[in-house]
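This report is written to be read alongside the sequence and the coordinates. Please keep both in view while going through the sections.

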Amino acid sequence: MRKNIVAGNWKMNKNLQEGLDLVKDLQTALFNKKVKCDVIVCMPFVHLASVNGMIDKTKVKLGAQNCADKASGAYTGEVSAEMVASTGAKYVILGHSERRAYYGETNAILKEKVQLALANNLTPIFCIGEVLAERESGKQNAVVKKQIEEGLFDLSVEDFGKVVLAYEPVWAIGTGKTATSAQAQEMHAFIRQTLAAKYGQAAADATSILYGGSCNAGNAKELFTNPDVDGGLIGGASLKVDTFIPIVEAF
Ligand code: PGA
């Protein structure tokens, strides 16, 4: 039913040639391999069109890391969901904690982005997660619930069915400090319960919920074995074939 997914988030790394080389090497590494999950690479906007021209979409799918909260017009420097889709990309990461923290992206802004992404046939990979202080004070469930409610819960059940979620505890991102397998499962089960209460159990069961935050070759298998963890959103370890492919193979 729901898909297992391993998605790379390159963040602001790799120039165009380096990006093309990495995708080429990933495809070579995946050639003739029986992969049991969808593999997505989310890269800077400027790479998308070129990578789309050389990518084998049966092996690797293409995604962006952001899109504008407006459809078009006088928004200098912004890139619309329609523009992203026109490159051939099929996915877009929205609401990453770095965007929330450094670029002031609120749930209200993200709600607009999600709708524009869906209107342009992009699959949002919608990120949620608490900061360390929130976890230490036991507020993680409330924080995550509010992010989901305010960012996604105005969607119809049909549109909601097109969304992928990524739980990324902010304290685990880029820190080498992964959530334990039990912490991940507990939160993912809570997220699924929250989705079921709004959209029904069938819709919740059909939603892929990825874990992100220092996921690597060493811990991926244990994390992905959890019943409610449907894959990973991978930052640092997605930048090299040798560190990314073993995560794909964890399924
Ligand atoms: P990390 O990043 O794997 O480097 O912790 C994950 C993310 O931010 O998506």
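The sections below go from the overall fold to the strands and then to single residues.

## Overall architecture

The model described here is predicted. The protein contains 12 helices and eight strands. Its radius of gyration is 17 Å, which is close to the 18 Å that the globule rule gives for 251 residues, so the protein is as compact as a globular protein of that length. Measured out along the principal axes, the C-alpha trace spans about 45 × 45 × 35 Å.

Of the 251 residues, 53% count as buried. When contacts between residues at least 6 apart in sequence are considered, 71% of them join residues at least 24 apart.

## Surface and charge

The accessible surface of the protein comes to about 11200 Å², and carbon and sulfur atoms account for 52% of that area. Among the side chains, 27 are positive and 27 are negative, and the centres of these two sets lie 3 Å apart.

## Strands β4 to β7

Strand β5, which covers residues 123-128, is mostly covered, with six of its six residues buried. Thr123, Ile125 and Cys127 point one way from this strand, while Pro124, Phe126 and Ile128 point the other way, and all of these residues are buried. On the side of strand β4 (residues 91-94), β4 and β5 pair in the parallel sense over four bridges, and within this pairing Tyr91 has Thr123 of β5 as its bridge partner.

β5 also pairs with β6 (residues 164-167), again in the parallel sense and over four bridges. Phe126 has Leu165 of β6 as its bridge partner, and Ile128 stands opposite Tyr167 in β6. Both faces of β6 are covered, since Val164 and Ala166 on one side and Leu165 and Tyr167 on the other are all buried. β6 in turn pairs with strand β7 (residues 209-212) in the parallel sense over three bridges, and here Ala166 stands opposite Leu210 of β7.

## Two buried positions, Ile40 and Gln147

Ile40 lies in strand β2, which covers residues 38-42. With a relative accessible area of 0%, Ile40 falls below the 20% limit for burial and therefore counts as buried. Beyond residues up to four places away in sequence, Ile40 touches Ile5, Val6, Ala7, Gly8, Lys61, Leu62, Gly63, Tyr91, Ile125 and Phe244. The contact list of Ile40 thus includes Tyr91 and Ile125, of which Ile125 is one of the buried residues of β5. The C-alpha atoms of Ile40 and Lys90 are separated by 9.3 Å, although these residues are 50 places apart along the chain.

Gln147 is found in helix α7, which covers residues 140-152. At 8% relative accessibility, Gln147 also counts as buried, because the limit is 20%. Leaving aside neighbours within four places in sequence, Gln147 is in contact with Arg100, Asn107, Phe126, Ile128, Gly129 and Leu152. Among these contacts are Phe126 and Ile128, which point the same way from β5 as Pro124.

## The loop between β1 and α1

Which backbone angles in this loop call for a closer look? Most residues other than glycine have a negative phi. Lys11, however, has a positive phi of about 55° although it is not a glycine, and Lys14 likewise has a positive phi, of about 80°, without being a glycine. Lys11 lies in the loop between β1 (5-9) and α1 (16-30), and Lys14 is found in the loop between β1 and α1 as well.

How accessible are the residues of this loop that are described here? At 21% relative accessibility, Lys11 counts as partly exposed, because its value is not under the 20% that defines burial and not over 50%. Lys14 is partly exposed too, with a relative accessible area of 27%. Asn15, also in the loop between β1 and α1, counts as partly exposed at 42% relative accessibility. The C-alpha atoms of Asn15 and Pro44 are separated by 8.9 Å, and these two residues are 29 apart along the chain.

Key. Residues numbered from 1 in each chain as written. Predicted model: local features only at pLDDT ≥ 70, side-chain atom pairs only at ≥ 80, totals over all residues. Heavy atoms only, no water. Rg over C-alpha atoms; globule rule 2.2 N^0.38 Å. Buried < 20%, exposed > 50% of the residue type's maximum accessible area, 1.4 Å probe, protein only. Contact = heavy atoms within 4.5 Å. Areas by Shrake-Rupley, 256 points an atom, 1.4 Å probe, with all protein chains shown as cover. Lys, Arg positive; Asp, Glu negative; His and termini not counted. Charge placed at Lys NZ, Arg CZ, Asp CG, Glu CD. Pairing = 2+ DSSP bridges.
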